[in-house]
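Hi,

Here is the structure I promised to pass on. Please open it alongside this note; what I found follows below.

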Amino acid sequence: MSRTLLLLAAPGDSGAAAVARALSAPGGHGGVLTLTPADLARARWSHRVNGKGEASTRITLPTGQVLDDRTIGAVLHRLPGLPLTAGTENSPRAKDALYTHSERQALIASWLLSLAPRVIGLISAYGTAHGTVSRTAALVHAEQCGLPVARRGGATRGGLVGQPAPGERHVPRLAWPGGPGSPVPVDVLPEPTAYQDSLLIAGYRVIGPRAGDYGERCHRLADTLGTRHLELQFAPRATGAVVTDVHLCPRLDDPLHVQTTASFMVAVAGLPTRSPE
């Protein structure tokens, strides 16, 4: 039975598009399909859960193509969430529209959870690629796993955080004439400098120039976050490079990261690796 390599991503997701091209290239795999949130929202779903709690799903896409659980080899999950039906936010039926939207989101979450061993990306009850993990929470987890992390935080007034350290900036939440020490809440953020390099975790591989230094800690972070596909972004500091971002949807703007992700999908699907002719 042929197996589909499925990519779930928002329109304009250049990283997902690059992986799809790598999988479909000569010597690659032909059964590659990319679906957007709108495609999933317009599809017809048959989702059943038996007495043992085992789910089975059959999806008929707007094109007429049918996806069955048995035909899906691997899923690259980068979904930001389903779109809310346009024009329903302030309509008399807004409550019904919101309920339908939440039910569809829960349906996708259940579907992904049933495919768990074949899904690359964070799986949660929310059905989105980030679940409830915020950018700040991911960095907190990274620090707890022993990775050097740029300082982030905040205070109820600017004077409580002192002067910005090298590589960071203090951003007041209100325009206030009192200067840095004024009684205004302030956020401590990394300076938006160009990143120095990055590490990609894909399965049990860590790709990047700092893999030797931080590989074990990256695996610990992946286990903590519940996904074996993420990217750490580093920026230079006087005391050495620090992590400024944890991307649960890796940017995939590096050709090596794209190829590694494509290979990861092929391995998860149990498909043979093909060499270009």
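The largest nonpolar core has 24 residues. Leu199, Leu221, Leu230, Leu232, Val243 and Val246 touch the most other members. Bear in mind that this is a predicted model. The elements giving two or more residues to this core are helix 4 (135-144), strand 11 (197-202), helix 5 (211-225), strand 13 (229-235) and strand 14 (242-247). Helix 5 provides the largest share, six residues.

There is also a second core, separate from that one, with 22 residues. Among them are Ala9, Ile120, Ile207 and Phe264.

Now take a look at Leu199. Leaving aside neighbours within four places in sequence, Leu199 is in contact with Val206, Ile207, Gly208, Pro209, Arg210, Ala211, Tyr214, Cys218, Leu230, Glu231, Leu232 and Phe234. 

His247 is worth a click too. His247 is found in strand 14. Is His247 buried or exposed? The relative accessible area of His247 is 19%, and buried means under 20%, so His247 counts as buried. Beyond its neighbours within four places in sequence, His247 is in contact with Leu230, Glu231 and Gln233.

Next, the helix pair. Helix 4 and helix 5 pack with their axes 9 Å apart, at an angle of about 135°. Helix 4 is therefore oblique to helix 5. The crossing of the two is right-handed. Which residues make the contact? On helix 4 they are Ala138, His141 and Ala142. On helix 5 they are Leu221, Thr224 and Leu225. Leu221 also appears above, as one of the core residues that touch the most other members.

On to the sheets. One open sheet has four strands in the order 2-1-6-7, and the pairing is parallel. Its edge strands are strand 2 (32-35) and strand 7 (119-120), each pairing on one side only. Strand 6 (residues 72-78) runs parallel to strand 7, and two bridges join them. Leu76 has Ile120 of strand 7 as its bridge partner. Ile120 is also one of the residues in the second core. Helix 6 (residues 255-269) packs on this sheet. Helix 6 touches strand 1 (4-9), strand 6 and strand 7, and its direction makes about 140° with that of strand 6.

Another open sheet has three strands in the order 3-4-5, with antiparallel pairing. Strand 3 (44-49) and strand 5 (66-68) stand at the edges. Each has a single partner strand, so one side of each is left without a neighbour in the sheet. Neighbouring strands here are turned by 10° against each other on average, direction ignored. Strand 4 (residues 55-60) pairs with strand 5 over three bridges, in the antiparallel sense. The bridge partner of Ile59 is Leu67, in strand 5. Helix 3 (residues 94-114) packs on this sheet and touches strand 3 and strand 4. The direction of helix 3 makes about 60° with that of strand 3.

Last, the chain as a whole. The secondary structure comes to six helices and 14 strands. The C-alpha trace spans about 65 × 60 × 35 Å along its principal axes. Of the 277 residues in the chain, 45% are buried. Among contacts with a separation of 6 or more, 61% are between residues 24 or more positions apart.

Best wishes

Note on methods. Residues are numbered from 1 along each chain as its sequence is written. This is a predicted model: local features need pLDDT of at least 70, side-chain atom pairs count only at pLDDT 80 or more; totals for chains, interfaces and linings use all residues. Side-chain values use heavy atoms; hydrogens and water are left out. A nonpolar core is a set of buried Ala, Val, Leu, Ile, Met, Phe, Trp, Tyr and Cys residues joined through side-chain atoms within 4.5 Å. Buried means under 20% relative accessible area, exposed over 50%, partly exposed in between (1.4 Å probe, protein chains only). Contact means heavy atoms within 4.5 Å. Two strands pair if DSSP finds at least two bridges between them. Axes are lines fitted to C-alpha atoms, for helices over the stretch in contact, and angles run from 0 to 180 degrees between N-to-C directions. Angles under 35 degrees count as roughly parallel, over 145 as roughly antiparallel, 65 to 115 as roughly perpendicular and the rest as oblique. A crossing is left-handed if the near helix is turned anticlockwise from the far one by less than a right angle, and right-handed if clockwise.
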